[in-house]
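Trainee: I am new to this structure and would be grateful for a close look at a single part of it. Please set that part in the context of the whole before turning to the detail.

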Amino acid sequence: QVQLVESGGGLVQPGGSLRLSCAASGSIFSIYAMGWYRQAPGKQRELVAVITNTGSTNYADSVKGRFTISRDNAKNTVYLQMNSLKPEDTAVYYCNAYLEVVTARPMYYWGQGTQVTVSS
């Protein structure tokens with residue numbers, strides 16, 4: 001069984017910074033990509049950033065230049081450094097991983113979500 005455990009959310013003022021972490025655990029054979037999605041009230045879940053096992057990254061246009069995704073392969077952990085936060089960044093942020101366990105084909109897994117609120 002795979003678990004994705006997120007941490008680092010919270011309340012921050014506009015212009016502030018937060019760092020999210022997501023650690024994957026379980027009988028993991030290989031992690032091919034990890035990323036972050038977010039869902040604001042009344043809106044669909046959207047991609048924020050993704051990083052592959054080779055280090056390639058992709059960002060939503062709305063966060064380019066402000067957010068940075070990184071990954072520690074040895075720890076099966078992905079990070080999202082969020083700078084210059086805006087009220088419109090307020091959402092529940094979900095960790096996502098495309099990975100393969102020892103006994104199954106590659107699949108997508110989700111974390112439980114962590115709330116990020118940007119407000120003065």
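Mentor: The accessible surface of the protein comes to about 6400 Å², and carbon and sulfur atoms hold 48% of that area. The model is a predicted one, and every value given here is computed from it. Of the 120 residues, 42% count as buried. The fold contains 11 strands and zero helices. The radius of gyration is 14 Å, close to the 14 Å that the globule rule gives for 120 residues, so the protein is as compact as a globular protein of that length. Along the principal axes, the C-alpha trace spans about 45 × 25 × 20 Å. Among contacts with a separation of 6 or more, 54% join residues that lie 24 or more positions apart.

The part chosen for the close look is strand β7, together with its surroundings. An open sheet of four strands, paired in antiparallel fashion, has the order β1-β3-β8-β7. Strands β1 (3-7) and β7 (67-72) stand at its edges with a single partner strand each, so one side of each is left without a neighbour in the sheet. On average, neighbouring strands of this sheet are turned by 15 degrees against each other, direction ignored.

The partner of β7 is β8 (residues 77-82), which runs antiparallel to β7 and is joined to it by six bridges. Thr68 stands opposite Gln81 of β8, and Asp72 stands opposite Thr77. The two strands form a hairpin with four residues between them, and Asn76 in the turn has a positive phi of about 50 degrees.

The two faces of β7 may now be considered. In a regular strand, side chains alternate between the two faces of the sheet. In β7, Phe67, Ile69 and Arg71 point to one face and are buried, whereas Thr68, Ser70 and Asp72 point to the other face and are not buried.

The interior is the next topic. The largest nonpolar core has 32 residues, and Trp36, Leu80, Met82 and Tyr93 touch the most other members. Strands β7 and β8 are among those that each supply at least two residues of this core, as are β3 (18-25), β4 (28-39) and β5 (46-52). Strand β9 gives the most, with six residues. Not counting residues up to four places away in sequence, Met82 touches Phe67 and Arg66, and also Gly16, Ser17, Leu18, Leu20, Tyr93 and Val116.

On the other side of β8 in the sheet order lies β3, and Arg19 has its place in β3. Arg19 is partly exposed, with a relative accessible area of 46%. Apart from neighbours within four places in sequence, Arg19 is in contact with Tyr79, Leu80 and Gln81, as well as with Ser7 and Gly8. Arg19 and Phe29 are 10 residues apart in sequence, while their C-alpha atoms are 27 Å apart in space.

In summary, β7 is an edge strand with a single partner, and its side chains alternate between a face where they are buried and a face where they are not.

Key
Residues are numbered from 1 along each chain as its sequence is written. This is a predicted model: local features need pLDDT of at least 70, side-chain atom pairs count only at pLDDT 80 or more; totals for chains, interfaces and linings use all residues. Side-chain values use heavy atoms; hydrogens and water are left out. Two strands pair if DSSP finds at least two bridges between them. Axes are lines fitted to C-alpha atoms, for helices over the stretch in contact, and angles run from 0 to 180 degrees between N-to-C directions. A nonpolar core is a set of buried Ala, Val, Leu, Ile, Met, Phe, Trp, Tyr and Cys residues joined through side-chain atoms within 4.5 Å. Buried means under 20% relative accessible area, exposed over 50%, partly exposed in between (1.4 Å probe, protein chains only). Contact means heavy atoms within 4.5 Å. The radius of gyration is taken over C-alpha atoms; the globule rule is 2.2 Å times the number of residues to the power 0.38. Accessible areas come from the Shrake-Rupley method with a 1.4 Å probe; for residues, only the protein chains shown count as cover.
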